[in-house]
Amino acid sequence: MIRLLRFLFGSVRFESHGGFPERFLNLCAQGHFPLWEVKSRGGTMTAYTTVKSYKKFRPIAKKAGVRLRVRERRGLPFLARRYRKRIGIALGVLVFFAILWVLSLFVWSVEVTGNASVSTDYILNNLSAMGFHQGALKSNFDVAELQRRCLVEMPELSWIAINIRGSNAVVEVRERDLPPEIIPSDRPCNIKASTAGQILELEVYDGKAMVMRGEGVTEGQLLVSGVIENKQGENTLKHARAKVIAQTEHTLTVEIPFTQTRKAATGTVIDKKSLDFFGLNIPISFGGAPQGNYLRSSIKKPLTIGSFSLPISCQIERYEEYEETTVTLSPEEALAQAKEQIAVMESEQLDGIEIVDRQESTSSSDTSLTYTIVYICHENIGYEEEILLN
């Protein structure tokens, strides 16, 4: 900021000869005149100051008995004076800022954040179908209405915010936790077991219980029937509803080989660059993809001027070379790796299930280690299955 201000208002580099330079500096300090890069060599002192301050140095220099001489002039005022007769430069500056102003009226980049299972392409394609895309005129959109339409068109989202900063649009989303498909209450259905287990708790709200508490059941077994027989022997179809808590058993197993192949970066990186201009891809680097073992990644960097995003971006295809190395794990290292993998599997497959006990076991051969956990769980095993009528 200081450099910018000095450029805008101009600065002067001067030198002083003779007299008492120390007194000159003291008088400048008393008058609050800015000086920087003060140097003294061979009886000559040089320094920088502002244009406004230098014009007031004459009485100070006279008191200190020094002679001042300008050696360099810097900044916008001197540039403007030098090129004041060159109309083309002034016209070019005006055209430049006019282009910046026109570009600021459009959206030149759209970034999506907060999504995990819903793809970025899916969100961008839906926004594009509504007319909101790279190159769209910002004044054509009511952001609140656009957000409402997005929630209607994309039921996978529970919340969306479109923030336009300059020419860059940041789309923040929150994904909806979709409930499992539920059979409408006016359709008859049975309740069956999603997995094998032993019934611990059975609460039937509608329908006829086909099992008892303490009974063992198998996967797919009928637990509560939606077919009710009345006293006259006639069958009535109902939408069965019940809560069936059972003790279940789940087993997770991983096998870790002692000898593994890993990828180690060599440090060699090859970048293939191209320019994306209004959707047109212009290659800057020539040649195809390198041969050998490389990991490929893509980086897109929009060009900006301040907060304005230009309709130009630099696309970088990065290739990082790697070497395959063979490592041999000790039993302890293999077990640690197995526990990490089991923890991930547990969070994915047993999420929301109450685990009351777990039994771990480990076995190994000459080539690998096998790690197994048997989980004893309490869970609601009932699921609805519609009774289809011909």
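Is arginine 148 buried, exposed or partly exposed? In this predicted model, arginine 148 comes out as partly exposed, at 45% relative accessibility. Its partner in a salt bridge is glutamate 145, and the closest N and O atoms of the two side chains are 2.7 Å apart. Glutamate 145 is partly exposed as well, with a relative accessibility of 34%. Both residues belong to helix α8, where they sit 3 residues apart, or about one turn of the helix. That spacing fits a simple rule: an α-helix has 3.6 residues a turn, so residues three or four places apart point the same way.

The rest of helix α8, which spans residues 143–153, is worth a look too. Its buried residues are Leu146, Gln147 and Cys150. Viewed down the helix axis, these buried residues fall within an arc of 100 degrees, so they line one face of α8. What do they pack against? The buried residues of α8 pack against α7 (120–129) and β6 (157–165). On the face turned away from the buried side, the helix carries the exposed residues Ala144 and Val152. Ala144 also figures at the start of α8, this time through its backbone: a side-chain oxygen of aspartate 142 comes to within 3.2 Å of the backbone nitrogen of alanine 144.

Back to the charged pairs. The model has 11 salt bridges by the rule used here, and the one inside α8 between arginine 148 and glutamate 145 is among them. As a general point, side chains of opposite charge can pair when their charged atoms come close. Another salt bridge brings together the side chains of arginine 71 and glutamate 15, at 2.8 Å from N to O. Arginine 71 is part of strand β4 (residues 67–74) and glutamate 15 part of strand β1 (residues 11–17), so this pair ties together parts that are 56 residues apart in sequence. How do the two ends of this bridge fare for exposure? Arginine 71 is partly exposed, its relative accessible area being 43%, whereas glutamate 15 counts as buried at 10% relative accessibility. The cut-off for buried is under 20% relative accessible area, which is why glutamate 15 falls in that class.

Arginine 74 and glutamate 72 make a further salt bridge, with their closest N and O atoms 2.8 Å apart. Arginine 74 is partly exposed at 40% relative accessibility, and glutamate 72 is likewise partly exposed, with a relative accessible area of 26%.

Elsewhere, strands β2 (residues 36–41) and β3 (residues 44–50) run antiparallel and are joined by 4 bridges. One of the pairings puts arginine 41 opposite threonine 44, its bridge partner in β3. How many residues lie between the two strands of this hairpin? There are 2 residues between β2 and β3, and glycine 42 in the turn has a positive phi of about 60 degrees.

Finally, there is a loop residue to note. Phenylalanine 286 sits in the loop between β17 (280–283) and β18 (294–305). Phenylalanine 286 is exposed, with a relative accessible area of 66%. Along the chain, phenylalanine 286 and lysine 273 are 13 residues apart, and their C-alpha atoms are separated by 8.4 Å.

Definitions and conventions. Residues numbered from 1 in each chain as written. Predicted model: local features only at pLDDT ≥ 70, side-chain atom pairs only at ≥ 80, totals over all residues. Heavy atoms only, no water. Buried < 20%, exposed > 50% of the residue type's maximum accessible area, 1.4 Å probe, protein only. Arc of directions from axis to C-beta. Contact = heavy atoms within 4.5 Å. Polar contact = N/O pair within 3.5 Å; in protein donor to acceptor, adjacent residues only side chain to side chain. Salt bridge = Lys/Arg side-chain N within 4 Å of Asp/Glu carboxyl O. Pairing = 2+ DSSP bridges.
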